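Dear colleague,

I am passing on the structure we spoke of, and I would be glad if you could look through it with the notes underneath at hand.

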Amino acid sequence: MSALDALDREISECRACPRLVTWREQVAREKRAAFRDQTYWGRPVPGFGPGDARLAIVGLAPAAHGANRTGRMFTGDRSGDVLYAALHAVGRASQPTATWPGDGLELSGVRIVAPVRCAPPENKPTPAERDTCRPFLERELALLTEVRSVVVLGGFGWQALLPVLDAGWVVPRPRPRFGHAVQVELASRRPERDPLQLFGCYHVSQQNTFTGRLTPAMLEEVLAAAARAAGLRD
């Protein structure tokens with residue numbers, strides 16, 4: 001078992017945050033009517049994508065009836081529909097849809113992670129829950145030694161990620177502010193390692209995609225730029 005596989009297993013067994021454990025398991029028992037015949041994952045969700053990824057995508061947390069149901073990041077909900085369609089459009093996903101593990105979806109050069117691994121009530125983790133989960137993100141990024149660029153979906157992920165990155169890269173002071181299509185280059189604290197290219201992108205939430213605040217073209221543009229910055233071929 002690789003170190004990344006071992007971390008994924010450890011993440012999936014975590015019970016550190018009582019509020020999140022109660023909520024994720026309640027949702028898994030009660031289910032949504034459309035999924036009443038399905039067995040929910042109901043546990044923390046590990047990252048998804050190859051260990052040699054050069055591009056990381058950082059979200060927020062699993063959706064109650066999305067990844068909390070399927071056990072795979074951004075799989076089985078409308079946010080994931082938008083994200084994977086865009087990844088497919090820029091050549092980083094083998095198909096434009098993500099319905100369930102085992103559906104044939106594979107990512108190329110990309111790994112998707114989150115600062116909080118359990119579905120939170122109202123999609124709002126607390127600062128304490130974010131901080132409790134932070135070591136998982138720190139360890140995962142440390143294992144993703146080929147990562148050269150990161151796309152952060154939303155302001156919560158941006159604020160959660162910057163302290164994590166500061167251990168390996170030089171985060172400017174004052175810290176760069178989140179914004180859509182913002183790009184920041186972070187110098188490595190190790191001379192032998194390349195700089196990290198950090199990109200901001202509005203989150204693929206229904207609120208953003210339904211209102212047009214984030215369009216597929218906007219998302220694809222950021223993902224394509226980040227992939228190029230990571231050295232991934234079109």
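The notes below take up a helix pair, one residue within it, and then the nonpolar cores.

Please bear in mind throughout that this is a predicted model. Helix α1 (residues 3-12) packs with helix α5 (residues 127-143) at an angle of about 165°, their axes being 10 Å apart, which makes α1 roughly antiparallel to α5. The crossing of α1 past α5 is left-handed, and the contact is formed by A3, L4, L7, E10 and I11 on the α1 side, with F136, R139, E140 and L143 contributed by α5. Sorted by class, the contact of α1 with α5 comprises six nonpolar and three charged residues, with no polar ones.

Of the residues in helix α5, E140 may merit your attention: E140 is buried, its relative accessible area being 0%. Neighbours within four places in sequence aside, E140 is in contact with L4, L7 and I11, and also with G47, R111, V113 and R117.

Turning to the cores, the largest nonpolar one has 33 residues, and those with the most contacts inside it are I57, L83, Y84, L87, I112, V151 and L223. At least two residues of this core come from each of β1 (55-58), α4 (78-89), β2 (110-113), β3 (149-153), β6 (196-201) and α8 (216-229), and α8 gives the most, with six residues. L83, again leaving aside neighbours within four places in sequence, is in contact with I57, F74, I112, L153, V204, L219 and L223. Apart from this core lies another, of 21 residues, among them L4, V152, L162 and W169.

With best regards

Key: Residues numbered from 1 in each chain as written. Predicted model: local features only at pLDDT ≥ 70, side-chain atom pairs only at ≥ 80, totals over all residues. Heavy atoms only, no water. Axes fitted to C-alpha atoms, helices over the stretch in contact; angles between N-to-C directions. Helix = DSSP H or I, 4+ residues; strand = E, 2+ residues; numbered from the N terminus. Parallel < 35°, antiparallel > 145°, perpendicular 65-115°, else oblique. Left-handed = near helix turned anticlockwise from the far one by under 90°. Contact = heavy atoms within 4.5 Å. Nonpolar A, V, L, I, M, F, W, Y, C, P; charged D, E, K, R; others polar. Buried < 20%, exposed > 50% of the residue type's maximum accessible area, 1.4 Å probe, protein only. Core = buried A, V, L, I, M, F, W, Y, C linked by side-chain atoms within 4.5 Å.
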